[in-house]
Amino acid sequence: QVQLVESGGGLVQAGGSLRLSCAASGSIFSIRAMGWHRQAPGKQRELVATITSGGITNYADSVKGRFIISRTNANNTVYLQMNSLKPEDTAVYYCNADVVITFRRRIIDSWGQGTQVTVSS
């Protein structure tokens, strides 16, 4: 009913920047919070940043001051601008959204398939 498609991952040198995008599509009535999580090899998935429909943001301490989350409600897209990247930022990044679908206005916790970000030292 809902699909989230991420793009923008890749390989970058330490200190560089990448911008991730995630577009939601399907039977969407509205989207509440959207966010990014990441999972490094051998580690648990962790929250990176979230943004409410009103634009209130929240960041993990490890990315504060370096990453910026934003969204465009008109096209159901969330972005993650990643600056001053470090090797420890290497992970698969997943998009997440709390979607209110058209069917009975149910809320679905939706996830993207993930995009790899690799930061070389």
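**Reading a strand-built chain**

Modeller: Not counting residues up to four places away in sequence, H37 touches R45, E46, L47, V48, V92, Y93, Y94, N96 and W111. These contacts, like everything else we will discuss, are read from a predicted model.

Colleague: What makes a pair such as H37 and W111 count as touching?

Modeller: The rule asks for heavy atoms within 4.5 Å, and W111 is one of the residues listed as touching H37. H37 itself has its place in strand β4, which covers residues 28-39.

Colleague: Why is H37 called buried?

Modeller: The relative accessibility of H37 is 14%, and the term buried is used for values under 20%, so H37 falls on the buried side of that cut-off.

Colleague: Is Y94, which H37 touches, buried or exposed?

Modeller: Y94 lies in strand β9, and with a relative accessibility of 14% it counts as buried, because buried means under 20%. Leaving out residues up to four places away in sequence, Y94 touches E6, G35, W36, H37, Q39, R45, W111, G112, Q113 and G114. As for Q116, its C-alpha is 9.0 Å from that of Y94, while the two residues are 22 apart in sequence.

Colleague: How do you know that the charged end of R45 sits over the ring of Y94?

Modeller: The distance from the charged end of R45 to the centre of the Y94 ring is 3.7 Å, and the rule asks for a distance within 6 Å, together with a position within 35 degrees of the ring normal. The value of 3.7 Å meets the distance part, and the pair is listed as a charge over a ring.

Colleague: Which other ring has the charged end of R45 over it?

Modeller: That is the ring of W111, whose centre is 4.9 Å from the charged end of R45, again a value within the 6 Å limit.

Colleague: How many aromatic pairs does a search of the whole structure find?

Modeller: The search finds zero aromatic pairs. Such a pair would need ring centres within 6.5 Å, so a count of zero says that no rings of Phe, Tyr and Trp were found to meet that condition.

Colleague: What makes the link between C22 and C95 a disulfide?

Modeller: The two sulfur atoms are 2.1 Å apart, and a pair of cysteine sulfur atoms within 2.5 Å is taken as a disulfide, so C22 and C95 qualify. By this rule the count comes to one disulfide. C22 lies in strand β3 (residues 18-26) and C95 in strand β9 (residues 91-101), so the pair ties together parts that are 73 residues apart in sequence.

Colleague: Why is the disulfide of C22 and C95 called left-handed?

Modeller: It is called so because the torsion about the S-S bond is about -80°. Both cysteines are also buried, since C22 has a relative accessibility of 0% and C95 likewise has 0%.

Colleague: What makes S21, which has its place in strand β3, count as buried?

Modeller: The relative accessibility of S21 is 18%, and because the limit for buried is under 20%, S21 meets it. Setting aside neighbours within four places in sequence, S21 is in contact with V5, E6, S7, W36, V78 and Y79.

Colleague: Why is S84 called partly exposed?

Modeller: S84 has a relative accessibility of 40%, and the partly exposed class runs between the limits of 20% and 50%, so S84 belongs there. S84 is found in the loop between β8 (77-82) and β9, and it has a positive phi of about 50° although it is not a glycine.

Colleague: Where does R105 lie?

Modeller: R105 lies in the loop between β9 and β10 (107-111). It has a positive phi of about 55° although it is not a glycine, and at 46% relative accessible area it is partly exposed.

Colleague: How many helices and strands does the chain have?

Modeller: There are zero helices and eleven strands. Buried residues make up 41% of the 121 residues in the chain.

Colleague: Why does the radius of gyration of the chain agree with that of a compact globule?

Modeller: For 121 residues a compact globule would have a radius of gyration near 14 Å, and the chain has 14 Å, so the two agree. Along its principal axes, the C-alpha trace spans about 50 × 25 × 20 Å.

Key. Residues are numbered from 1 along each chain as its sequence is written. This is a predicted model: local features need pLDDT of at least 70, side-chain atom pairs count only at pLDDT 80 or more; totals for chains, interfaces and linings use all residues. Side-chain values use heavy atoms; hydrogens and water are left out. Rings of Phe, Tyr and Trp (its six-membered ring) pair if their centres lie within 6.5 Å; planes under 30 degrees apart count as stacked, over 60 as edge-to-face and the rest as tilted. Helices (H or I, at least four residues) and strands (E, at least two) are DSSP runs, numbered from the N terminus. Buried means under 20% relative accessible area, exposed over 50%, partly exposed in between (1.4 Å probe, protein chains only). The radius of gyration is taken over C-alpha atoms; the globule rule is 2.2 Å times the number of residues to the power 0.38.
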